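Student: I've got a new model open and I'm not sure where to begin. Could you walk me through it?
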Amino acid sequence: LAWQLPYEAAMNYLLNKREEPKSRYFAAQYLNMSAATGKAISGVVNLAAKLQDEFDLTEVEKDMWHDMLKSDDKFIRDLAERKLVEIELRSACEELDKRLNIFAQRTGRPATSFEELIQEGLLSGVPQDPIEGGYFFIGGDGKAYNSTLLEDEVIRARNVLQTNVGFYQERYGVFPESLDKLIEVGLLQELPAHPWPGRTWKYDAQTGKVE
């Protein structure tokens with residue numbers, strides 16, 4: 001599986017090369033690659049997030065995906081192109097948040113639209129997402145979000161839930177009554193929150209499908 005090779009490389013650094021000065025740093029890079037496939041198991045995604053917080057890997061991540069563009073594997077090249085776009089989208093959200101904070105400091109209230117930022121001279125135009133159908137918006141918490149990034153997070157989080165629903169069904173012969181059952185039996189420590197602000201997971205106990 002695509003996620004397993006970078007995962008095994010990461011484990012090599014964490015277990016066999018843990019005495020080397022940059023072992024956790026390189027492990028973080030490989031775990032990020034594994035998680036980026038959207039197919040990795042929940043433990044890999046959680047460990048990748050933990051190490052991502054430990055190191056500021058944005059520039060390293062860019063270099064890594066630029067290198068992947070040279071791969072002979074079309075899947076890797078396509079993944080690299082997508083991930084480079086996502087890096088720019090994350091950076092755009094971070095910059096928008098800075099400008100939203102300036103707006104709030106100036107006016108004493110959060111902005112409700114990007115047009116308000118434009119009127120204050122904080123933006124030259126409404127930000128655009130190069131991915132078809134993607135868009136930026138301001139959430140109820142006053143922060144900037146991007147739909148492309150959120151949908152990618154939904155896929156990863158839903159994969160974690162769907163995989164563990166499958167584990168539950170294999171173990172007990174039925175689908176769990178609710179997603180909370182995954183915690184009760186120890187398959188998960190907690191349910192991943194729905195990435196979209198204000199949304200919750202929909203679960204059908206008859207089919208085991210998570211949406």
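Student: What share of the residues in the protein chain is buried?

Tutor: In this predicted model, buried residues make up 38% of the 211 residues in the protein chain.

Student: And how many helices and strands are there?

Tutor: The secondary structure of the protein chain comes to 8 helices and 4 strands. Read from the N terminus on, the elements follow the order α-α-α-α-α-α-β-β-α-α-β-β.

Student: What about contacts, how much comes from residues 24 or more positions apart?

Tutor: If you take the contacts in the protein chain with a separation of 6 or more, residues 24 or more positions apart account for 50% of them.

Student: Let's start at the N-terminal end. How do the axes of helix 1 and helix 2 cross?

Tutor: Helix 1, residues 4-16, and helix 2, residues 23-36, have axes that come within 8 Å and cross at roughly 165°. Because angles over 145 degrees count as roughly antiparallel, helix 1 is roughly antiparallel to helix 2. The crossing in which helix 1 passes helix 2 is left-handed.

Student: Which residues meet there?

Tutor: From helix 1 the contact involves P6, Y7, A9, A10, M11, Y13 and L14, and these meet S23, R24, F26, A27, Y30, L31, M33 and S34 of helix 2. Sorted by character, the residues of this contact divide into 12 nonpolar, 2 polar and 1 charged.

Student: S34 is in that list, so is S34 buried or exposed?

Tutor: S34, which is found in helix 2, is buried, with a relative accessible area of 0%. The C-alpha atoms of S34 and W3 are 4.4 Å apart in space, although the two residues are 31 residues apart in sequence.

Student: And N32, where is that found?

Tutor: N32 is also in helix 2, and its relative accessible area of 15% is under the 20% cut-off, so N32 counts as buried. Along the chain N32 and Y7 are 25 residues apart, while their C-alpha atoms are separated by 8.8 Å.

Student: Changing topic, what is the angle between helix 5 and helix 7?

Tutor: The axes of helix 5, residues 74-107, and helix 7 come within 10 Å and cross at roughly 120°, and that makes helix 5 oblique to helix 7.

Student: Which residues make up that contact, and how do they divide?

Tutor: R82, K83, E86, L89, R90 and C93 in helix 5 meet T148, L149, D152 and R156 in helix 7. Those residues divide into 3 nonpolar, 1 polar and 6 charged.

Student: Where is S147 found, and what does S147 touch?

Tutor: S147 is found in helix 7, which covers residues 147-172, and S147 is buried, with a relative accessible area of 5%. Leaving aside residues up to four places away in sequence, S147 touches G133, G134, Y135, F137 and W196.

Student: Now the inside. Which residues have the most contacts in the largest nonpolar core?

Tutor: The largest nonpolar core has 17 residues, and those with the most contacts inside it are L161, V165, L179, L182, W201 and V210. Helix 7 gives the most to this core, with 7 residues. If you follow L179 and do not count residues up to four places away in sequence, L179 touches L161, V165, L191, W201, Y203 and V210. There is also a second, separate core of 14 residues, which includes L96, L100, F103 and L122.

Student: Why would nonpolar side chains be buried together?

Tutor: As a general background point, nonpolar side chains tend to be buried together in soluble globular proteins.

Student: Let's finish with loops. Where is D141?

Tutor: D141 is found in the loop between strand 1, residues 136-138, and strand 2, residues 144-146. With 45% relative accessibility, D141 counts as partly exposed. D141 and G198 are 57 residues apart along the chain, and their C-alpha atoms are separated by 9.8 Å.

Student: And S113, which loop is that in?

Tutor: S113 lies in the loop between helix 5 and helix 6, the latter being residues 114-119, and S113 is partly exposed, with a relative accessible area of 22%. Measuring C-alpha to C-alpha in the model, S113 and A144 are 9.9 Å apart in space and 31 residues apart in sequence.

Terms used. Residues numbered from 1 in each chain as written. Predicted model: local features only at pLDDT ≥ 70, side-chain atom pairs only at ≥ 80, totals over all residues. Heavy atoms only, no water. Axes fitted to C-alpha atoms, helices over the stretch in contact; angles between N-to-C directions. Helix = DSSP H or I, 4+ residues; strand = E, 2+ residues; numbered from the N terminus. Parallel < 35°, antiparallel > 145°, perpendicular 65-115°, else oblique. Left-handed = near helix turned anticlockwise from the far one by under 90°. Contact = heavy atoms within 4.5 Å. Nonpolar A, V, L, I, M, F, W, Y, C, P; charged D, E, K, R; others polar. Buried < 20%, exposed > 50% of the residue type's maximum accessible area, 1.4 Å probe, protein only. Core = buried A, V, L, I, M, F, W, Y, C linked by side-chain atoms within 4.5 Å.
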